[in-house]
Amino acid sequence: MNRLQLIKLSVIAICLLSSVIFYQSVKAQGPVQLPTHPPAKSDGKSLVVQLCDGETNLEVKGVKPGERLSSDQAQVVSNQLMAQWLAKQPKEVAEAWMKENLTAKESSKVSQPTNAVSASTQDQPIDFSVRDYQMWKKELDQEVTYGDQIFHDDKLLGSTNGVSCAMCHPHAANTHPETYPKFQIQLRKVALLRDMINWCIENPSRGAKLHPDDPKMRALEAYIMAQRKGTVMEPGKH
Amino acid sequence: MIPLKWEKRLQEYLKNRETWMKELYQTGNVWEGRRKFLKMASMAAGFAATQSFVPHSFQLVDVVNAATPETKPFTFAYISDSHLYEKTLNERFVRQLERAVVDINALDPQPDFVLYGGDLAQLAQPGELKLGAQILKQVKAPIRMMVGEHDWFLDLGDLWKELFGKPYYSFDHKGVHFITLMSVNEKDFWTAKGLSPMQRMQIVSGLDDGRQSPFEVGEEEREWLARDLANIPKTTPIVVFSHSPLYKLYKAWNFWTDDAEQVQALLKPFQTVTVIHGHTHQVLSNRIDNIHFHGMLSTAWPWPYAPQGLPKLTMQMNRPDPFNQTEGLGDGIIDVLGNGRVNKRYDLWNRNPLFVSAQYLDSDGASDVPAKTTLSSY
């Protein structure tokens with residue numbers, strides 16, 4: 001084996017090795033795995049319904065596996081399951097749940113959409129309760145707040161030179177998420193907002209770019225878009 | 001060492017500037033116009049003495065004009081808002097300030113002095129301020145320092161004052177009275193919350209951080225200003241340096257001075273007042289009665305235009321290109337005209353310079369309109 005072959009071989013080896021490392025690192029950054037429950041045990045004769053805690057089971061006598069429950073039957077089953085679950089809980093947990101359940105029942109009586117102009121008696125009934133709207137808002141606000149933190153904190157962003165997003169974009173000004181996707185010749189592709197976020201992380205902030213599904217990337221997008229609420233969509237605008 | 005491409009661009013700047021100045025004089029520059037007028041007036045007076053004929057109205061105007069002292073035109077330059085971190089953390093901001101120093105040192109003729117517009121440091125760390133002081137020592141022309149909030153809120157100005165002297169002062173130069181203000185005082189928001197000096201500094205360093213107080217000149221300094229102005233003739237041109245704009249633009253970003261009206265009231269009796277401010281990192285022009293306002297460019301990063309409150313006389317600079325890290329940055333010069341008004345030149349590093357003349361502001365935007373933006377802020 002001469003010297004040239006040796007060099008070729010080592011280049012190939014390095015390439016292979018680095019691609020394996022790259023694959024692993026991409027894999028490691030992949031979507032967060034949610035917990036799964038083992039399937040409920042069944043003797044195969046009756047349908048077994050499991051509660052979302054993954055532990056509380058109920059065998060429905062007279063209903064075979066695969067058969068469909070009527071909605072009345074299903075309600076009875078779910079009530080029984082919840083009663084079982086409640087019985088297992090410590091007193092304070094059970095009480096808190098009862099209280100929350102009561103609030104939910106109360107609030108579901110008055111459904112009031114936040115996006116409707118007005119809710120008069122002539123409106124069609126709406127399936128969403130106040131609690132639904134409250135829950136959605138809370139969840140979104142949490143995501144936006146997390147994005148806000150990352151946007152304003154160079155360390156949280158992974159910047160290595162002290163440059164945070166907000167240093168050039170106070171309140172996410174001039175981030176114009178409404179103009180994506182658009183072709184960016186510098187990126188040689190049709191860029192999405194996340195591509196520009198990653199460009200900013202890598203260049204002005206000298207950090208490592210985020211996986212598109214990284215919780216930080218999702219939160220940053222949520223914050224940026226929340227700042228531009230109500231703006232007209234103009235994909236392709238430069 | 002100046003890169004070759006940059007040197008070429010600099011030559012272009014200077015050439016453009018020369019042409020522009022020539023054109024300005026030809027197309028009715030105020031100072032030149034007045035000089036001609038006075039010459040005509042004195043001829044008329046001579047004529048009246050020999051001919052016993054008095055052109056009455058002419059003389060009356062002449063008196064008014066004679067009361068305005070003429071100043072000899074001169075130029076000063078500015079560098080502002082460098083936001084230095086220590087070199088080991090961020091070398092780019094350091095290089096950019098050095099670029100501005102090279103820029104100003106290459107001006108020929110040299111400016112009478114150089115104004116440093118504040119925010120030399122990012123977090124007022126000793127390493128940052130001392131690094132800045134060291135770089136600014138390379139400026140050939142005399143330097144006048146102004147403080148910004150990023151220099152101040154770690155130790156409330158202790159080190160800055162040790163390095164650069166008084167945070168507010170006045171001086172006279174060629175018939176113009178200059179005043180440097182410390183306009184970024186904030187009411188105490190930290191003691192009650194038990195914040196550390198570093199926490200306080202970090203909150204103030206966030207432009208959109210609503211936990212801080214609005215900027216203000218403050219009562220003590222306003223009293224000083226009133227005393228300082230007491231013996232200045234109302235015809236003397238005044239040029240004020242302040243880090244924050246001395247008017248109310250956009251509170252959420254502290255593009256704002258809370259006691260702006262009170263400071264403006266002190267300046268109102270004077271015929272010719274110009275305010276040169278930093279903080280906004282952009283081309284920004286305004287006029288409130290007798291006061292002209294000009295912003296300064298940053299050497300660190302450009303700010304977007306505020307979503308509200310933009311003065312109607314502001315001709316926006318093009319939206320900076322995020323793929324070019326020195327876009328929207330630069331330094332510039334200020335030409336003080338014979339009447340004490342100023343023409344402002346923004347030397348944007350990657351573009352042609354932008355001029356905002358006294359004539360443009362005096363005419364309320366009717367004449368000598370600066371070049372329009374093609375890429376406005378979102």
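**View 1. Strands β10 and β11 of chain B form an antiparallel hairpin.** In this predicted model, β10(B) and strand β11 (residues 342-348) of chain B pair in the antiparallel sense over seven bridges, where strands are DSSP runs of E with at least two residues, numbered from the N terminus, and two strands pair if DSSP finds at least two bridges between them. Five residues lie between the two strands of the hairpin, and B:Gly340 in the turn has a positive phi of about 90°. Across the pair, B:Gly332 stands opposite B:Tyr346 in β11(B). Residues are numbered from 1 along each chain as its sequence is written, while chains are lettered from A and ligands numbered from 1 in the order in which they are written. Because the model is predicted, local features need pLDDT of at least 70 and side-chain atom pairs count only at pLDDT 80 or more, whereas totals for chains, interfaces and linings use all residues.

**View 2. Strand β10 of chain B is largely enclosed by the rest of the structure.** Seven of the seven residues of β10(B), residues 330-336, are buried, and the strand is therefore largely enclosed; a residue is buried if 20 or more other C-beta atoms, placed from the backbone, lie within 10 Å of its own. B:Gly330, B:Gly332, B:Ile334 and B:Val336 point one way from the strand, and B:Asp331, B:Ile333 and B:Asp335 point the other way, all of them buried. Strand β1 (residues 74-79) of chain B also pairs with β10(B), in the antiparallel sense and over five bridges, and here B:Phe76 stands opposite B:Ile334.

**View 3. An open sheet of six strands in chain B contains the hairpin strands.** The order is β3-β2-β1-β10-β11-β12, with mixed pairing. At the edges stand β3 (143-145) and β12 (354-356) of chain B, each with a single partner strand, so one side of each is left without a neighbour in the sheet. Neighbouring strands of this sheet are turned by 20° against each other on average, direction ignored. Within the sheet, β1(B) runs parallel to strand β2 (residues 114-116) of chain B, joined by three bridges, and the bridge partner of B:Ile79 in β2(B) is B:Tyr116.

**View 4. A further open sheet in chain B has six strands in the order β4-β5-β6-β7-β9-β8.** The pairing is mixed, and the edge strands, β4 (169-173) and β8 (285-288) of chain B, each pair on one side only. Strand β6 (residues 238-242) and strand β7 (residues 273-277) of chain B pair in the parallel sense over five bridges, with B:His277 in β7(B) as the bridge partner of B:Ser242.

**View 5. Helices α4 and α7 of chain A cross at roughly 100°.** The axes of α4(A), residues 130-152, and α7(A), residues 215-227, come within 7 Å, the axes being lines fitted to C-alpha atoms over the stretch in contact, with angles running from 0 to 180 degrees between N-to-C directions; the helices themselves are DSSP runs of H or I with at least four residues. That crossing makes α4(A) roughly perpendicular to α7(A), a term that covers angles of 65 to 115 degrees. Among the residues of α4(A) that meet α7(A) are A:Tyr146 and A:Phe151, and the α7(A) side includes A:Leu220 and A:Tyr223.

Methods
A residue is buried if 20 or more other C-beta atoms lie within 10 Å of its own, exposed if 12 or fewer, and partly exposed in between; C-beta atoms are placed from the backbone. Angles under 35 degrees count as roughly parallel, over 145 as roughly antiparallel, 65 to 115 as roughly perpendicular and the rest as oblique. Two residues are in contact if their C-beta atoms, placed from the backbone, lie within 7 Å.
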